[in-house]
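Trainee: I am new to this structure and would like to look closely at one part of it. Could you walk me through a single strand and its surroundings?

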Amino acid sequence: MTAPRLPTELHPPRMDALARLPVFLALEGKRAVVAGGNAQAAWKAELLSAAGANVEVFAASAADELVGLAQSPTRGAVTIHRRRVTADDFAGAAVAVGAFENDGDAAQFAATARARGVPVNVIDKPAFCDFAFGAIVNRSPLVIGISTGGAAPAFGMAVRAKIEAMIPRGFARWAEAARQWRGTLFATGLSYPRRRRFWQIFARYAATHPDREPCQSNFDGFLAETTGEAARDEHGSVTLVGAGPGDPELLTLRAVRALQSADIILLDDLVAPDILDFARREAKKMLVGKTGHGPSCRQEEINALMVTLATAGKRVVRLKGGDPMIFGRATEEIAACRVAGIPVEVVPGISAAQGAASRLGVSLTHREGVRRLQYVTGHASDGRLPADIDWKSIADPGATTIVYMPVKTYAAFAAAAIAAGLDAAMPAVAVINATRPDETVIAATLKDLPHRLAAEPVPGPAVVMIGRVFARAASADTASAPSASRAAG
């Protein structure tokens with residue numbers, strides 16, 4: 001009998017170190033000082049003007065680009081003073097930008113600006129910079145800034161090009177609509193969680209209809225959907241979400257939306273930590289671990305916790321490794337919610353078997369003789385091999401069999417399968433930590449795999465896959481899967 005375990009609040013690791021803090025300055029109507037009159041200075045002056053700053057340029061001579069900008073500024077006024085900048089010119093400035101070839105001039109400019117409390121940027125001289133501009137994707141008021149900390153500006157530009165291709169220009173209209181509607185939405189008196197839900201509905205629609213012009217009927221429709229959900233979900237809700245086998249990029253879009261709207265996330269030990277990077281930072285994370293043959297929270301306690309939290313009005317996400325509908329106790333959790341009258345939704349995930357097969361480059365079925373796929377649990381509630389396995393089906397050479405939670409009982413499983421008539425030389429592959437950086441593949445035969453598992457124990461969630469389709473994976477010259485570790489028998 002496994003030891004009992006209480007749900008515990010999970011404190012995810014702190015944010016990784018940042019090379020730069022991305023801060024978006026409000027410069028409308030503020031002074032910005034630019035020293036230098038070349039084309040680079042003109043470009044920075046244009047950026048500052050576009051942000052609404054009143055730009056004062058100090059330069060003995062000004063490039064044509066700069067003169068043209070002063071005559072027709074992007075937004076904020078651009079004034080050219082045909083002289084060198086002095087200490088008094090920094091008074092009241094919000095930012096200062098310098099374009100200097102000489103490090104001595106750059107150092108003096110930076111020191112003077114800082115002495116007046118003005119943050120400074122010297123173009124292409126990171127050592128004298130308090131801030132950097134970075135590459136910009138402009139869908140204003142949606143603005144995306146990209147920085148490499150000065151290490152690789154060309155790489156930042158390449159990333160910008162990728163994002164430019166991904167972000168429709170119509171997003172600018174929707175971002176402006178959001179700015180205009182924010183006050184109107186607040187005036188409706190909706191609670192903060194409901195306002196957040198409105199913006200989630202807004203974002204989902206805008207992402208799929210970027211070229212449409214936002215209109216009042218859109219606002220009314222989003223509001224109606226929000227208030228309709230509020231009437232249905234006044235006691236909160238529960239969403240069972242499949243986290244996939246481990247690679248965060250295998251999360252579905254619906255799973256990401258659920259994680260970003262959750263108030264509380266109840267997760268298992270087998271969920272890869274990186275998955276939580278997609279969750280709303282304010283969401284409370286609780287570990288309700290269920291690990292084979294180790295301390296586990298009792299299922300009835302998890303059910304009761306979900307219902308209690310949802311009854312209190314919380315949006316609860318029950319996050320499970322793989323797919324929640326495959327050996328994930330989903331039936332019991334769905335039933336508990338329905339008995340309590342709690343709305344419950346299921347978001348499927350990529351199963352461990354699918355993830356493992358994709359990494360091996362092996363289809364789980366084949367039209368020339370492997371027409372059936374079966375999933376089998378490796379242990380019953382007592383931790384032993386289930387007594388009611390259909391061994392005739394397991395022995396079918398035309399089937400692919402996936403054994404979940406197999407490690408402790410696989411030796412008994414293999415012996416029983418061979419006794420039922422399955423060829424002892426049938427290819428078998430164990431995949432531990434499928435799709436994760438520490439993925440390990442152990443390929444052998446049905447008969448030999450138990451010895452390999454015992455000789456090469458690897459911690460982590462595992463599946464064993466048995467069938468003809470794994471013949472290549474079980475051969476020593478297999479070269480397809482990008483696994484972290486591979487052992488071929």
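Mentor: Let's begin with Thr401, which stands opposite Ile466 in β18. Keep in mind as you look that this is a predicted model. The pair belongs to a longer contact: strand β18 covers residues 462-466, and four bridges join it to β15, with the two strands running antiparallel.

Now turn to another partner of β15. Strand β14, residues 372-377, pairs with β15 in the parallel sense, and six bridges connect them. One place to find this pairing is Thr377, whose bridge partner in β15 is Tyr404.

With these two partners in view, how many residues of β15 are buried? Strand β15 spans residues 399-404, and six of the six are buried, so the strand is largely enclosed by the rest of the structure. It helps to recall a general point here: side chains in a regular strand alternate between the two faces of the sheet. In β15, both faces are covered. Ala399, Thr401 and Val403 are buried on one side, while Thr400, Ile402 and Tyr404 are buried on the other. For this reading, buried means under 20% relative accessible area.

Our starting pair also leads to an empty space. Rolling a probe the size of a water molecule over the atoms shows where such space is left. A search of the whole structure finds one cavity of 30 Å³ or more, and the volume of this largest cavity is about 30 Å³. Which residues line the largest cavity? Both Thr401 and Ile466 are in the lining, and so is Ala399. The other lining residues are Ile394, Asp396, Leu422, Met426 and Gly467. By character, the lining divides into five nonpolar residues, two polar and one charged.

To follow this on the structure, find Thr401 and look across to Ile466 in β18. Then move along β15 to Tyr404 and cross to Thr377, its bridge partner. Finally, come back to Ala399 and Thr401, which are buried on one side of β15 and are also among the residues lining the largest cavity.

Notes: Residues are numbered from 1 along each chain as its sequence is written. This is a predicted model: local features need pLDDT of at least 70, side-chain atom pairs count only at pLDDT 80 or more; totals for chains, interfaces and linings use all residues. Side-chain values use heavy atoms; hydrogens and water are left out. On a 1 Å grid over the protein atoms alone, a cavity is a set of points where a 1.4 Å probe fits but cannot get out, and a pocket is an open set with protein on both sides within 12 Å along at least five of seven lines; lining residues have an atom within 4 Å of a point. Grid points are joined across faces, edges and corners, and a volume is the space filled by probe spheres set on the points. Ala, Val, Leu, Ile, Met, Phe, Trp, Tyr, Cys and Pro count as nonpolar, Asp, Glu, Lys and Arg as charged, and the others, Gly among them, as polar. Buried means under 20% relative accessible area, exposed over 50%, partly exposed in between (1.4 Å probe, protein chains only). Two strands pair if DSSP finds at least two bridges between them.
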